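Me: I am new to this structure and would like a close look at a single part of the interior. Please take one buried spot and then describe what is packed elsewhere inside.

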Amino acid sequence: MSTCIDLKSWAGVCLVLLSLAGGVYAQDSREVDLIAQLGREEILRREAAAAAEAEAEHRALLEEQSRLKEAYRKYLGVARRSAQKLVQSKQSKVSAERVESLRRQARLVIDEVDDQNKQRVHDELDPIYAQLEQAIAITPEELYASDPQLRTLRQQLLPGSDGGLDWVDDAAILYALCPDNRQGEVIAGNVPLRDRLSKDEAAAIDACNRRRLILGLQPLAIDLKLVACGRDHSSDMIKHNFFAHESPVPGKTTPWDRAKNFGTIATGENIAAGYKNGEAVTMGWWYSPGHLKNMMARGHKRIGVGQEQQHYTQMFGQ
C-alpha cells in the first residue's frame, strides 16, 4: 500500500516543525543567556569580594605601618634624648681644647698620609681617633643600658625586631654628636631615606658620618641620585668584569659623566669589592689613604653609597 501527501499538506507540516524547532531554539538561547548572566554576576561578586579583602588587607597594612612609624618615632625621640645626655656627660669631663687638639692632630695625619706611609693610619690616626671616641662619643650598648624606657619601647614594636632597631640607636647617637641644629637636621633628614637603601648602604653612610662627626667635620646628607648612580656603577663593574673609576660603558666613562646621567653632580668617588657589609667596606676605605682623604674631605655635603652584591661605590657631592 502506498501513501500520497499533496504538496500543500507537506508544506503545512514543515511549517509546524520549523515553528516547534524555533521555539526550542529560542528557549535554549534564553537559558544560555541566563546562565551567562548568572556567570557574569558570580564573577563580579567574586571580584568585589576579592577587592574588599584586598582593601581590608591594605588598610590593615597601612595601620600597622602607621603604628610602627609612630613607635619608631617615639623610640628615636627617647633614644636621641638619652644619647644627648650621655654625650654631654662624657664631653663635660674633657676640655674643648683637648678635643680640638686631638682633632687637629687627626686632620694633620689625614692630610699628610699617602700610599708610601699608609701605616701612619694604624700607628697614629687610629690611637687619636680612639681617644676622641673615648672622650666624646658613646656606643649603642652604652645607650641601650642608659635608659630602661628604651627596652619598654622596643617591646612595642614587632616581636624579634631588636636587631632591626640598631639603626635607630645609631641615628640617635649621630644626632647627639652634632654640635648644632643645622648638622642635627642633616642626620634627621637622613632617617626617612633609609627605607630606600639596603642595610649595608645605610650602614656605610652611618659609619662615614660617625667618623666625620667625631673628627669635627659636618655630616653628609643622603642623596638618592648619588645612591642610584653608585648602584649603577657597581652593577656595571660586575656585568662588564672591570674594577675602576673609568668605565668602558659608553656615556659612563667618568664619575662626573655617571652623576650627570642621574641628574646630579659628583665631587668624589670611592669604589671597593669583596667586603661583607657596610661597616667593613668603610674600614677598608679608612685604611686606604686616597679613599680616607675622600671620605674626610671638608668640601663634601652629600653622599650616596650604591651596593651590588659585594661591590660598593661611594659617591660625594657638594
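Reply: Contact here means heavy atoms within 4.5 Å. The model is a predicted one. With that in mind, take Gly304, which is found in strand β3, residues 302-308. Leaving out residues up to four places away in sequence, Gly304 touches Asp223, Leu226, Val227, Thr313, Gln314 and Met315. One of these partners, Asp223, is 81 residues apart from Gly304 along the chain, yet their C-alpha atoms are separated by 5.6 Å. Gly304 counts as buried because its relative accessible area is 0%, and the cut-off for buried is under 20%.

Two of the residues that Gly304 touches, Leu226 and Met315, also belong to a nonpolar core of five residues, whose members include Cys229 and Ala266. This core lies apart from the largest nonpolar core, which has 55 residues. In the core of 55, the residues that touch the most other members are Leu125, Leu143, Leu215, Trp286, Leu292 and Met296. Leu292, setting aside neighbours within four places in sequence, is in contact with Ile110, Val113, Val121, Leu125, Trp285 and Trp286. In soluble globular proteins, nonpolar side chains tend to be buried together.

The interior also holds one cavity of 30 Å³ or more, with a volume of about 70 Å³. Helices α6 (166-177), α7 (181-190) and α8 (199-214) each give two or more residues to its lining. The largest share, four residues, comes from α8. Among the lining residues are Leu174, Ile187, Asn190, Arg194, Ile205, Asp206 and Ile222. By class, the lining has eight nonpolar, two polar and two charged residues.

Notes. Residues are numbered from 1 along each chain as its sequence is written. This is a predicted model: local features need pLDDT of at least 70, side-chain atom pairs count only at pLDDT 80 or more; totals for chains, interfaces and linings use all residues. Side-chain values use heavy atoms; hydrogens and water are left out. On a 1 Å grid over the protein atoms alone, a cavity is a set of points where a 1.4 Å probe fits but cannot get out, and a pocket is an open set with protein on both sides within 12 Å along at least five of seven lines; lining residues have an atom within 4 Å of a point. Grid points are joined across faces, edges and corners, and a volume is the space filled by probe spheres set on the points. Ala, Val, Leu, Ile, Met, Phe, Trp, Tyr, Cys and Pro count as nonpolar, Asp, Glu, Lys and Arg as charged, and the others, Gly among them, as polar. A nonpolar core is a set of buried Ala, Val, Leu, Ile, Met, Phe, Trp, Tyr and Cys residues joined through side-chain atoms within 4.5 Å. Buried means under 20% relative accessible area, exposed over 50%, partly exposed in between (1.4 Å probe, protein chains only).
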